[in-house]
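Visitor: Hey, could you walk me through this one? I'd like to get a feel for the fold, the pockets and the charged pairs.

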Amino acid sequence: MSAEKIITEWKKGSFKPVYWLEGEEPFFIDQVVDYAEKHLLNESEAGFNLTVFYGKDADWPSVVNACRRYPMFAERQVVILKEAQQMRDIEKLEVYVDNPQPSTVFVVSYKDKKVDGRSKLAKVLKQKGEMLTTKKIYDSQLPEWAGQVVKQHGLSITQKALSLLVDHIGNDLSRIQNEIEKLAVNLNARKNITEDDIENYIGVSKEFNVFELQDAVARKDLPKAIRIVQYFEANPKAAPIQLVLPALYNFFSKLYMLYGIPNPDEKSAASALGVNPYFVKDYLAASRKYDYQGVERLLLLLHQYNLRSIGVNDGGTSDAGLLKEMLVKAMA
């Protein structure tokens, strides 16, 4: 069951006695925990019927005893165990999960881990509780996910603005959502997010960013690429090399795949590369500037300079120096 489905069921008044939230993506776990803490009980009920434990400081008997209490002046009580991955002897919660109190909603946040599927706890959780196992969203899925968040706020966004937003923030769902909420507030009556909004309210230059550098490299526009790197050099937080190199590698590795498609058009290329059709023209344009061997050589350069950026076979060249050197070789 997804985080959205759990919250939807709660809004309908449908509750399970135990919710076990685990896995790699904290955003969805936090989303469920936050709703349980703030919305399952009203203010007067929460004073008597909301108990929050933290795994590092909690012991299993205290948690079980809290769960077995009856609610006061309310239909149910809510017990939340945060950071459960830090709790000792957590497998002993199996005793309670196997025979839970029907009037208690017990929510466990077990981040960055999964319960051992062979354990008794895992078996009773599957039988008696509701489990949410989260996975990191792939970078290629971020634009679609961020676009859905924009729509949920009743807004639209240009494709370039969406790329600027996602490329700047990376795989941090919580921060993406926070920035979209900030944009929603600042737009006032407007409903469409543009590149100017990303620049004005998030601080990403619409002219000097990873997206524009990628475009310059794809078009073999060395002067523009060098100007962008010089901007990065003067503004180190704008685009660290650890962000630039993976972005370029992602683009050119997809371009590499394009050569395996016979007579690619925009539709077939978009499907094969798994990219938005809006951006396919960038790959097709790049394929006219780089042949197969050229892309293969560029990918090897990216790998080489990624190693140098972490000190392998390099005596301390600056990040900007590495990027400029790589760009000259790539577009030679």
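Guide: Let's start with the overall picture, then go to the pockets and the salt bridges. One thing up front: this is a predicted model.

Visitor: Fine. How many helices and strands does the protein have?
Guide: The secondary structure comes to 17 helices and seven strands.

Visitor: And what box do the C-alpha atoms fill?
Guide: Along the principal axes, roughly 75 × 50 × 45 Å. As for burial, 45% of the 332 residues are buried.

Visitor: What about contacts between residues at least 6 apart in sequence?
Guide: Of those contacts, 74% join residues at least 24 apart.

Visitor: How much accessible surface is there?
Guide: About 17400 Å², with 49% of that belonging to carbon and sulfur atoms.

Visitor: OK, pockets. How much space lies in the largest one?
Guide: The largest pocket holds about 990 Å³ of space. It is lined by 35 residues, and those closest to its centre are D139, S140, P143, V166 and D167.

Visitor: Which elements give two or more residues to that lining?
Guide: Helix 7 (142-152), strand 6 (156-157), helix 8 (159-169), helix 11 (210-218), helix 13 (241-258) and helix 15 (277-289).

Visitor: And how does the lining split by class?
Guide: The largest pocket has 16 nonpolar, 13 polar and six charged residues in its lining.

Visitor: What volume does the second largest pocket have?
Guide: About 840 Å³. Its lining is made of 30 residues, and F27, F28, Q31, Q152 and Q177 are the closest to the centre.

Visitor: Which element gives the most to that lining?
Guide: Helix 2, with eight residues. The elements that supply at least two residues each include helix 1 (3-11), helix 2 (26-39), strand 5 (130-134), helix 7 and helix 9 (173-186). Helix 7 also gives two or more residues to the lining of the largest pocket.

Visitor: Class split for the second one?
Guide: That lining has 10 nonpolar, 12 polar and eight charged residues.

Visitor: Switching to charges. How many salt bridges are there?
Guide: The structure holds 20. One of them pairs the side chains of K224 and E212, at 3.0 Å from N to O.

Visitor: Which parts does that pair tie together?
Guide: K224 lies in helix 12 (residues 222-234) and E212 in helix 11, so the bridge ties together parts that are 12 residues apart in sequence.

Visitor: Is E212 buried or exposed?
Guide: E212 counts as buried, because its relative accessibility is 7% and the cut-off for buried is under 20%.

Visitor: Which residues are linked with that pair in a network?
Guide: K160, E212, D215, R219 and K224 are linked in a network of salt bridges.

Visitor: What does D314 pair with?
Guide: D314 forms a salt bridge with R308, and the closest N and O atoms are 2.7 Å apart. D314 and R308 are both buried.

Visitor: Got another pair, maybe one inside a helix?
Guide: Try E325 and K329, where the closest N and O atoms of the salt bridge are 3.6 Å apart. Both lie in helix 17 (residues 319-330), four residues apart, which is about one turn of the helix.

Visitor: Why do E325 and K329 count as partly exposed?
Guide: E325 does because its relative accessibility is 29%, and K329 because its relative accessible area is 33%. Partly exposed covers the range between the 20% and 50% cut-offs.

How values were computed:
Residues are numbered from 1 along each chain as its sequence is written. This is a predicted model: local features need pLDDT of at least 70, side-chain atom pairs count only at pLDDT 80 or more; totals for chains, interfaces and linings use all residues. Side-chain values use heavy atoms; hydrogens and water are left out. On a 1 Å grid over the protein atoms alone, a cavity is a set of points where a 1.4 Å probe fits but cannot get out, and a pocket is an open set with protein on both sides within 12 Å along at least five of seven lines; lining residues have an atom within 4 Å of a point. Grid points are joined across faces, edges and corners, and a volume is the space filled by probe spheres set on the points. Ala, Val, Leu, Ile, Met, Phe, Trp, Tyr, Cys and Pro count as nonpolar, Asp, Glu, Lys and Arg as charged, and the others, Gly among them, as polar. Buried means under 20% relative accessible area, exposed over 50%, partly exposed in between (1.4 Å probe, protein chains only). Contact means heavy atoms within 4.5 Å. Accessible areas come from the Shrake-Rupley method with a 1.4 Å probe; for residues, only the protein chains shown count as cover. A salt bridge is a side-chain nitrogen of Lys or Arg within 4 Å of a carboxyl oxygen of Asp or Glu.
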